Amino acid sequence: MAVTPMSADFMYEISFDKNDVLNSVTEATIDFAGVDNTDGKVKVYYQGKYPKLPTASRPGYDFEGWYTSSTSETKIVEGTNFEGTAPVTLVAKWTGKQVSYTKEVYYQNLNGEGYALDSSSSSTALVDTMVSITVLDNIVGFKYNPDVDGTVQEAMVDGDGSTVLKVYY
């Protein structure tokens, strides 16, 4: 039977990578409630077991858990054997969800001053994907004006559902 050293010489820090930067407009948060940690790091002994790990959340995503790398299939949970001999960074894995976004069409007022909302509709797309609104060029008496302040013909879908595309004629 192997003896597990339980001194500070054999204790390693586990840090956490939110993995929320690539192509994203949403930011993840890590919740350490009920987790014994120091400055966002958890300690584990050599040949010990992982302690309780924090949870994470991110608008528009499901948290799949903590993994040894962004490409790893090895999920780490409380009680998993710690096989390392150095500090480790666990990486969050996420699954994107379908999120609502809004498309708005405005027409210039007949007196030439300002614009009025003509229609608003809701669509869904996978979070952090580019979406666009179709510009029509066959509207009698109106022409698309991309120079109006507030025009958003395409955008990345935000996880909180706040994305609004706007076109002005």
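Modeller: Buried means under 20% relative accessible area, exposed means over 50%, and partly exposed lies in between (1.4 Å probe, protein chains only). The model is predicted: local features need pLDDT of at least 70, side-chain atom pairs count only at pLDDT 80 or more, and totals for chains, interfaces and linings use all residues. Numbering starts from 1 along each chain as its sequence is written, and side-chain values use heavy atoms, with hydrogens and water left out.

Colleague: Why is tyrosine 50 called buried?

Modeller: The relative accessible area of tyrosine 50 is 6%. The limit is under 20%, so tyrosine 50 is buried. Phenylalanine 82, at 1% relative accessibility, counts as buried by the same test.

Colleague: How many aromatic pairs does a search of the whole structure find?

Modeller: The search gives 13 aromatic pairs. Rings of Phe, Tyr and Trp (its six-membered ring) pair if their centres lie within 6.5 Å; planes under 30 degrees apart are stacked, over 60 edge-to-face, and the rest tilted.

Colleague: What makes the pair of tyrosine 50 and phenylalanine 82 edge-to-face?

Modeller: The ring centres of tyrosine 50 and phenylalanine 82 are 5.5 Å apart and the planes stand at 80°. The centres are within 6.5 Å and the angle is over 60, so the pair is edge-to-face. It links distant parts of the chain, 32 residues apart: tyrosine 50 is in the loop between strand 3 and strand 4 (55–57), and phenylalanine 82 is in the loop between strand 6 (75–76) and strand 7. A strand here is a DSSP run of E with at least two residues, numbered from the N terminus.

Colleague: Why is the pair of phenylalanine 63 and tryptophan 94 called tilted?

Modeller: The centres of these two rings lie 5.3 Å apart with the planes at 55°. That angle is neither under 30 degrees nor over 60, so the pair of phenylalanine 63 and tryptophan 94 is tilted. Phenylalanine 63 is in strand 5 and tryptophan 94 in strand 7, 31 residues apart.

Colleague: Which exposure class does phenylalanine 63 fall in, and why?

Modeller: Phenylalanine 63 has a relative accessible area of 26%, between the two limits, so it is partly exposed. Tryptophan 94, at 14%, counts as buried. Both belong to a cluster linked by ring pairs, together with Phe16, Phe32, Tyr61 and Trp66.

Colleague: How do you know that lysine 93 lies over the face of tyrosine 67?

Modeller: A charge sits over a ring if NZ of Lys or CZ of Arg is within 6 Å of the ring centre and within 35 degrees of the ring normal. Lysine 93 is at 4.4 Å from the ring centre of tyrosine 67. The charged end of arginine 58 sits over the ring of tyrosine 61, 3.8 Å from its centre.

Colleague: Why does lysine 93 count as buried?

Modeller: Lysine 93, in strand 7, has 16% relative accessibility, which is under 20%, so it counts as buried. Leaving out residues up to four places away in sequence, its contacts (heavy atoms within 4.5 Å) include Asp62, Glu64, Tyr67 and Glu73.

Colleague: Why does threonine 134 count as exposed?

Modeller: Threonine 134 reaches 63% relative accessibility, over 50%, so it counts as exposed. It lies in the loop between strand 10 (130–132) and strand 11 (154–156).

Colleague: Which residues touch the most other members of the largest nonpolar core?

Modeller: They are Ile14, Tyr50 and Leu90, in a core of 33 residues. Strands supplying at least two residues each include strand 1 (11–17), strand 5 (61–67) and strand 8 (98–108). A nonpolar core is a set of buried Ala, Val, Leu, Ile, Met, Phe, Trp, Tyr and Cys residues joined through side-chain atoms within 4.5 Å.

Colleague: In what order do the five strands of the open sheet run?

Modeller: The order is 3-1-7-5-6, with mixed pairing. Strand 3 and strand 6 are the edge strands, since each pairs on one side only. Two strands pair if DSSP finds at least two bridges between them. Strand 1 has four bridges to strand 7, running parallel, and four to strand 3, running antiparallel. Isoleucine 14 stands opposite valine 88 in strand 7, and its bridge partner in strand 3 is valine 42.

Colleague: Which side chains along strand 3 are buried?

Modeller: Val42 and Val44 point to one face and are buried, while Lys43 and Tyr45 point to the other and are not.
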